[in-house]
Amino acid sequence: MFLIIGRTIRASFINFWRNGWLSVAAVSVLVLALFVVGSVFMVGLVANDVLQNVEKKVSISVYFKTDISEEKILENKRDLENIKEISSVEYISKDKALEIFKRDNADEPVIMESLEEIGENPLLASLVIKADNPSQYQAVADYIANASFKDDVGRVNYGKNREIIDRLNGIIFQIKKVGLILVGIFGIVSILIIFNTIRITIYTHRQEIEVMRLVGSSNMFIRLPFIFEGIIYGVIASFIASLIILGTIKIINIYASAVVSSGNLFSFYLANALYVLGLQIIIGSFLGIASSWIAMRKYLKI
Amino acid sequence: MRRENKTEIEDNIEIENEIEEMMPENNSPLIKFDHVSKFFKDDRIILDNINLEIKAGEFVSIVGPSGAGKSTLLKMVYVEEMPSEGSVYFDGVSLDMISRRKLPYHRRRIGTIFQDFKLLPQKTTFENVAYALEVCGLSKEEILQDVPQILDIVGLGDKMEKFPHELSGGEQQKVVLARALIHKPLVIAADEPTGNLDSANSLEIVKLLLEINKLGTTVILVSHDREIVNKANRRVILLDRGKIICDDAKGKYKIC
């Protein structure tokens, strides 16, 4: 078994080498396809990172009427914490709210002055609610609107960041859609070209194949070199495409680093490079195997 | 052909014993064509209701004009062609019962020889024969042991490192014969083996085939070379337009 695999891998490397420019063409177009695969994957990763950052800043604030006691509010807080969609509930007391307000508006003398004039704390105590998933905020908002304490609630602040998230989600969806279409187009083109290359390999080896059949070589032994050849195309193209993506990111790093949370797109890429490469190898090998299988179905008589 | 060499004789005996072990025990035919017909898509009839039995150890010459269906008949033995109607039985088993996965194992029981040799030009004599073992997954040790032995039998022990283009036609055909014998087949299927050879070389090949037959291997020889068929002086089947015209136990070419 090892003998067979060893011999066929050797044979497929020789095929790859002897095909020369045909191999170069097959690998090039596959590199293009895998570059698109990798780029789309990277954009997806970056977009997820951005989205997660924005999502962290989303929350629902529930402001309670002035006459509601602190114990009552904390009781409500405990109830809310038991809901599984809600990841955290933070209590902001009237004093703390004032503190935050003063800090945020320290540069605005007019506001500070008018605050002095009021004399007392005009702010309301609130609960800041965060959900696990941005799509769950609607449900949480609905829950609060119908909650047992709804009469105690003065105001619900919801939807501030929601629009941004919806827009971002829309953009990501569009990018993924366009990316998948591009991957599809390039995938089909690469299958056609690899198919053609392997067809020619089969043609140049028709004598060997005929002899193999006549002397009773197993079907697998006849087929495996072509399968391996397809895998070789996929793997080599994956590495080249990864290098190109690495170079591209190195170049755009200066302009685009602000996008990711860590502030360095290149190191963000390095952290995910293995996933990108792995995905490319899987897709590349799949395209290679698929094309040689089609070529063998059509041209290799067993 | 002189073969006084002692080791060669020993080798021959060894192979003879091995072949005997592989022989079917009963006296039923090794190959049986049962109402076999073959049509092409344009309704051309290649073979027309062939009934034929070949026993183990026989030497059968199939003769007839071009297009009579001789090669098609032979191809059915090693399942390069399938009958349109009827069945071919090998060792009691219908060949269309053999799955595609098992087919290679059937082909190892049959050694094939062709007019155009089908040697790989970029491989030496040794490598060409070794290739048949290599692609069937045998180890290097087995190859190094078996290949020189078989090349000695066909008399090419001293030309192992020569490439096909450095050999004469007769020598090339002997390499093919060695390759055909390497799996110790039950049957040698020879399709016009002397078509590209002069009469001296042709005779030598036939002598080798007769010798192989003497050791117990069934030989089916397709040919329209009158001289070599007469030389064999064995069972002759005359085929014309897909039909068996006559079948003589001790025949001459075109006697009927």
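In this predicted model, A:Ser88 is partly exposed, its relative accessible area being 31%. The residue belongs to strand S2 of chain A, which covers residues 86–92. Once neighbours within four places in sequence are set aside, the contacts of A:Ser88 are A:Val128, A:Ile129 and A:Lys130. A:Ser59 stands 29 residues away from A:Ser88 in sequence, and the two C-alpha atoms are 9.6 Å apart in space.

A second serine of chain A, A:Ser292, has a relative accessible area of 0% and is therefore buried, since the cut-off for that class is under 20%. A:Ser292 is part of helix H10 of chain A, residues 265–299. Residues up to four places away in sequence not being counted, A:Ser292 touches A:Ile198, A:Phe226, A:Ile227 and A:Gly230.

**The interface of chain A and chain B**

The contact between the two chains involves 19 residues of chain A and 27 residues of chain B. About 2000 Å² of area is buried between chain A and chain B, and carbon and sulfur atoms give 53% of this area. On the side of chain A, the residues that lose the most area to chain B are A:Arg7, A:Leu214 and A:Val215, which together make up 30% of what that side buries.

Polar and charged pairs also cross this interface. Nine residue pairs are in polar contact between chain A and chain B, both residues of each pair being at pLDDT 80 or more. Three helices of chain A, namely H1 (2–18), H8 (206–214) and H9 (219–256), each supply at least two residues of the side that touches chain B. Helix H8 of chain A gives the most to that side, with seven residues. Sorted by class, the side of chain A that touches chain B comprises eight nonpolar, five polar and six charged residues.

Two salt bridges are found across the interface of chain A and chain B. In a salt bridge at 3.0 Å, N to O, the side chain of B:Glu80 meets that of A:Arg213.

**Salt bridges**

Side chains of opposite charge can pair when their charged atoms come close. Over all chains, the count of salt bridges comes to 12. The table gives examples.

| Side chains | N to O distance |
|---|---|
| B:Glu80 and A:Arg213 | 3.0 Å |
| A:Lys77 and A:Glu81 | 3.1 Å |
| B:Asp42 and B:Arg44 | 3.5 Å |
| A:Lys96 and A:Glu90 | 3.7 Å |

A:Lys77 and A:Glu81 are both in helix H3 of chain A (residues 70–81), where four residues, about one turn of the helix, separate them. A:Lys77 has a relative accessible area of 18% and is buried, whereas A:Glu81, at 39% relative accessibility, counts as partly exposed.

In the pair of A:Lys96 and A:Glu90, A:Lys96 counts as partly exposed at 34% relative accessibility. A:Glu90 is likewise partly exposed, with a relative accessible area of 40%.

In chain B, the side chains of B:Asp42 and B:Arg44 meet in a salt bridge. B:Asp42 counts as exposed at 53% relative accessibility, while B:Arg44 is partly exposed, with a relative accessible area of 46%. Elsewhere, A:Glu210, B:Asp116 and B:Lys118 are joined into one network by salt bridges that share partners.

**Chain B: overall features and backbone**

Chain B contains eight helices and 10 strands. Its 256 residues include 53% that count as buried. Among the contacts in chain B with a separation of 6 or more, 70% come from residues 24 or more positions apart. The area that chain B exposes is about 11900 Å², of which carbon and sulfur atoms supply 47%.

Two loop residues of chain B merit a note on backbone geometry. B:Val79 is not a glycine, although its phi is positive, at about 55°. The residue is placed in the loop between helix H2 (70–77) and strand S4 (85–90) of chain B. At 9% relative accessibility, B:Val79 counts as buried.

B:Asp91, also a residue other than glycine, has a positive phi near 55°. Its position is in the loop between S4 and strand S5 (93–94) of chain B. B:Asp91 is partly exposed, with a relative accessible area of 32%.

Conventions. Residues numbered from 1 in each chain as written. Chains lettered and ligands numbered in written order. Heavy atoms only, no water. Buried < 20%, exposed > 50% of the residue type's maximum accessible area, 1.4 Å probe, protein only. Contact = heavy atoms within 4.5 Å. Buried area = accessible area lost by both parts, 1.4 Å probe. Salt bridge = Lys/Arg side-chain N within 4 Å of Asp/Glu carboxyl O. Polar contact = N/O pair within 3.5 Å; in protein donor to acceptor, adjacent residues only side chain to side chain. Nonpolar A, V, L, I, M, F, W, Y, C, P; charged D, E, K, R; others polar. Areas by Shrake-Rupley, 256 points an atom, 1.4 Å probe, with all protein chains shown as cover.
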